[in-house]
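Q: Hi, I'm new to this one and would like a walk through it. Could you take me through the surface, the fold and the ring pairs?

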Amino acid sequence: MSTIAPVQAHAPHLACGSEALRALFPALARTTYLSICDKTILADPVRGSVETFLDRLAQASANRVDHEEMVTASRRKFARLVGAGEDEIAVMRNVSDGINSIATAFPLAEGDNVLLALGAEHPNNIYPWLHQQRRGIELRNIPASEGHIDVGALVSAMDARTRLVSVASVSFAPGERTDLMALGTECRKRGIFLLVDGVQSAGILHHDFGQEPIDGFASSTSKGLLGLYGYGFLYVRRAWLDRLMPVHMSRTGVSADNDDASAMGDLRYTPRPDAQRFELGSYNLAGAYAADAALDLILGLGTKAIEAHVLALAEELREGLQRLGLPVFIPRLPAHLVTVGTVDAGGHGYSTDPVITRYHGRLADAGIVSTIRRGQLRMGLHAYSNRADIEAVLQCVGRS
Ligand SMILES: Cc1ncc(COP(=O)(O)O)c(C=O)c1O
């Protein structure tokens, strides 16, 4: 039993785009924020939860077990968010942590292959796999023309030695959404593990792993999950858990019949049967407190409602920018990232196209926060975005 007062849960009666919701994000009072695809903006209840953690630390008013209730609560809430069992969720630091946990635990033998579209993925979903080539596996690169993840090409590349496919749910640029239903169905037929880098969609687009045929999903809380850097989640489908043996191990990953964190017991140990076998040592507790409050907010809004809201606004923004003659990227599946310009005409934070550079600067001067990735101007939407944000962009871009 906890001896400390619980953190005040946020009252979940807010609508997407409403002034009441926007008022929770201080940054929105001075900016039009279109950069959730880069990093989150802190909501007051999330900050409040972290401050509670800091106060408890300062006052020595909670012990480790008390603090870790927030880890447990955030794990449970993330499971609810994505339609998973609590036993299928591990707390991680970030996407890299989750992907590496699977890559290193996965039973890969020499001659097995892993499929990846190098031209569409974030480096943190590439290096973990390049590194696995040491084990004698073949990394098959599926061409991604203009950053497009071609599900048909991925399926065509599968053979009897394909063990795993790793894809982004939404690419960081040009913001393409992968057809996880189609890809997952083909993977499932062949017993192939489908791993998803979900950081661009988590907390914004609706996920239901009871329906989506995916096997792993890695995210940090530093973007759409509205939390802090250095805290995240890894989903592992229950059916795979006993085949995935973590490379690293500590007390948190071991089955024990008590929570005495400093006692060894005897030297025989059993890795936990659930996804917590991947958890390693002490937690980022500030991250857990933040995630707990942020997940209350997101669950209160509901990801079905958030998805419908952001997709409608993204469509409006694309149409408006097209009307103004801008080279807008048209995604094959509706997505909440709006990108403009040619993929790879530039890189992280810069474009070789003077038009993109000019618009990015003009938006910044007007207090509109956007990013440039792979040379494209990129704008990302979340539940707090509203039509005034879209109008502000169109007005700014349309000024002669
Ligand atoms: C698609 C994608 N994957 C991964 C990351 C980051 O990975 P990590 O959480 O390991 O820093 C980002 C953004 O920074 C991203 O956009």
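A: A word on the surface term comes before anything else: accessible areas come from the Shrake-Rupley method with a 1.4 Å probe. Please also keep in mind that this is a predicted model.

Q: Okay, so what does the accessible surface of the protein chain come to?
A: The accessible surface is about 16,900 Å², and carbon and sulfur atoms account for 53% of that area.

Q: And how many helices and strands are there?
A: The protein chain holds 12 helices and 14 strands. The radius of gyration is 22 Å, close to the 21 Å that the globule rule gives for 400 residues, so the chain is as compact as a globular protein of that length.

Q: What box do the C-alpha atoms fill?
A: Taken along the principal axes, the C-alpha atoms fill a box of roughly 75 × 55 × 30 Å.

Q: How much of the chain is buried, and what about contacts?
A: Buried residues make up 58% of the 400 residues. As for contacts between residues at least 6 apart in sequence, 73% of them join residues at least 24 apart.

Q: Switching topic, is helix α4 mostly covered or mostly open?
A: Helix α4, which spans residues 95-105, is mostly covered, with eight of its 11 residues buried. Among them are Val95, Ile99 and Ile102, along with Asp97 and Ser101.

Q: What do those buried residues pack against?
A: The buried residues of α4 pack against one helix segment, α5 (127-132), and against the strands β2 (89-92), β5 (162-168), β6 (193-197), β7 (216-220) and β8 (232-236).

Q: Now the rings: how many aromatic pairs are there?
A: The count comes to nine aromatic pairs. One of them joins Phe53 and Tyr289, whose ring centres are 5.1 Å apart with the planes at 40 degrees, so this pair is tilted.

Q: Where do Phe53 and Tyr289 sit in the chain?
A: Phe53 is in helix α2 (residues 44-59) and Tyr289 is in helix α9 (residues 285-301), so to speak of the sequence, they are 236 residues apart and the pair links distant parts of the chain. Both Phe53 and Tyr289 are buried.

Q: What about Tyr231 and Phe233?
A: Tyr231 and Phe233 form an edge-to-face pair, with 5.6 Å centre to centre and 85 degrees between the planes. Tyr231 and Phe233 are both buried, and ring pairs link these two with Phe78 into a cluster.

Q: Last one, how far apart are the mean positions of the charges?
A: The mean positions of the 39 positive and 44 negative charges are 2 Å apart.

Note on methods. Residues numbered from 1 in each chain as written. Predicted model: local features only at pLDDT ≥ 70, side-chain atom pairs only at ≥ 80, totals over all residues. Heavy atoms only, no water. Helix = DSSP H or I, 4+ residues; strand = E, 2+ residues; numbered from the N terminus. Rg over C-alpha atoms; globule rule 2.2 N^0.38 Å. Buried < 20%, exposed > 50% of the residue type's maximum accessible area, 1.4 Å probe, protein only. Contact = heavy atoms within 4.5 Å. Lys, Arg positive; Asp, Glu negative; His and termini not counted. Charge placed at Lys NZ, Arg CZ, Asp CG, Glu CD. Phe/Tyr/Trp six-rings, centres within 6.5 Å; stacked < 30°, edge-to-face > 60°.
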